[in-house]
Amino acid sequence: MNPYPMKALFLTTTVLLLSSQLQAQSETVKQFILKNNPSASMYFYPSTLRMLNLEQNPEFYQLVRDIKKLSFLTFDKGSSSFNKRDILEVQKQLTAEQYEELFMMEDKGTQIYVYAKGKAPEAYVSMVNNNTSLMLFDLQGHPDLNALISLIQNGFNFSGIANVASLTQTDHQEEH
């Protein structure tokens, strides 16, 4: 039994209403969604991002204040038909869309790619690929990276945000 039924209902309703108007910022991500149905999807807008700050930390507000939209999509490899070649194609298409790879990191079988678009980036796409799933983050806006570094250095409770965000998780039902 959910200990926060009203909060979960409110957050879920808010996310569903907002996500029904979603247009993926990246055309590449949009096309990938059309070909591969996400097993889970979450969409965050300024108001929902601020609601995740349970500690009311001013640096968290600074981090998210210029983010217009964050889409988080998970694709379960067991129920999807995409393969490694498709993931390489997404990377190639992001480059064609003028995204530049900021960095790539691999740790214990998980590859993390982060791409940014523009000289003063206003668009980011990140891919987290492992044996069981592919996660795509499509961010419109500009996170304050100095605030992020400060939050990490000060031991901000990002797991608390992940727990609250999981209350908003919905199955991908709408058509894009």
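Which residue in S5 is the bridge partner of Tyr113? In this predicted model, the bridge partner of Tyr113 is Met127.

## The sheet

The pairing of Tyr113 with Met127 belongs to an open sheet of six strands. The strand order is S1-S2-S6-S5-S4-S3, and the pairing is antiparallel. Strand S1 (40–44) and strand S3 (99–107) are the edge strands, each pairing on one side only. On average, neighbouring strands of the sheet are turned by 10° against each other, direction ignored.

Helix H5 (residues 84–96) packs on this sheet. The helix touches S3, strand S4 (110–117), strand S5 (123–129) and strand S6 (133–141). The direction of H5 makes about 165° with that of S5.

## Strand pairs and hairpins

At one edge, S1 runs antiparallel to strand S2 (residues 67–76), and five bridges join the two. One residue of this pairing is Ala40, whose bridge partner in S2 is Thr74.

At the other edge, S3 and S4 run antiparallel and are joined by eight bridges. Phe103 stands opposite Val114 in S4. The hairpin of S3 and S4 has two residues between the strands, and in it Lys108 takes a positive phi near 50°.

S4 is also joined to S5, by seven bridges, and these two strands run antiparallel. S4 and S5 form a hairpin with five residues between them. In its turn, Gly118 has a positive phi of about 100°.

## Nonpolar cores

The largest nonpolar core has 19 residues. Those that touch the most other members are Phe32, Leu73, Phe75, Leu94, Met127, Leu134 and Leu136. Helix H2 (27–35), S2, H5, S4, S5 and S6 each supply at least two residues of this core. Met127, the bridge partner of Tyr113, is thus named both in the strand pairing and in this core.

Apart from this core lies another, of 16 residues. Among its members are Met42, Leu52, Phe72 and Ala116. In soluble globular proteins, nonpolar side chains tend to be buried together.

## Phe32 in helix H2

Is Phe32, which lies in helix H2, buried or exposed? Phe32 counts as buried because its relative accessibility is 5%, and the cut-off for buried is under 20%.

Leaving aside neighbours within four places in sequence, Phe32 is in contact with Phe75, Phe82, Val90, Leu134 and Leu136. Of these contacts, Phe75, Leu134 and Leu136 are also named with Phe32 among the core residues that touch the most other members. Phe32 and Asp86 are 54 residues apart in sequence, and their C-alpha atoms are 8.9 Å apart in space.

## Gln91 in helix H5

Gln91 is found in helix H5. With a relative accessible area of 10%, Gln91 is buried.

Which side chain does the side chain of Gln91 meet in a polar contact? The partner is the side chain of Tyr115, at 3.3 Å. Leaving aside neighbours within four places in sequence, Gln91 is in contact with Tyr113, Tyr115 and Met127. Two of these residues, Tyr113 and Met127, are bridge partners.

## Salt bridges

How many salt bridges does the structure hold? There are two.

In one, the side chains of Asp66 and Arg65 meet at 3.7 Å, N to O. Asp66 is partly exposed, with a relative accessible area of 40%. Arg65 counts as exposed because its relative accessibility is 55%, and exposed means over 50%.

In the other, the side chains of Lys68 and Glu122 meet at 4.0 Å, N to O. This pair links distant parts of the chain, 54 residues apart: Lys68 is in strand S2, and Glu122 is in the loop between S4 and S5. Lys68 counts as partly exposed at 48% relative accessibility, and Glu122 counts as partly exposed at 40%.

Methods
Residues are numbered from 1 along each chain as its sequence is written. This is a predicted model: local features need pLDDT of at least 70, side-chain atom pairs count only at pLDDT 80 or more; totals for chains, interfaces and linings use all residues. Side-chain values use heavy atoms; hydrogens and water are left out. Two strands pair if DSSP finds at least two bridges between them. Helices (H or I, at least four residues) and strands (E, at least two) are DSSP runs, numbered from the N terminus. Axes are lines fitted to C-alpha atoms, for helices over the stretch in contact, and angles run from 0 to 180 degrees between N-to-C directions. Contact means heavy atoms within 4.5 Å. A nonpolar core is a set of buried Ala, Val, Leu, Ile, Met, Phe, Trp, Tyr and Cys residues joined through side-chain atoms within 4.5 Å. Buried means under 20% relative accessible area, exposed over 50%, partly exposed in between (1.4 Å probe, protein chains only). A polar contact is a pair of N or O atoms within 3.5 Å; within protein, one must be able to donate a hydrogen and the other to accept it, and residues adjacent in sequence count only if both atoms are side-chain atoms.
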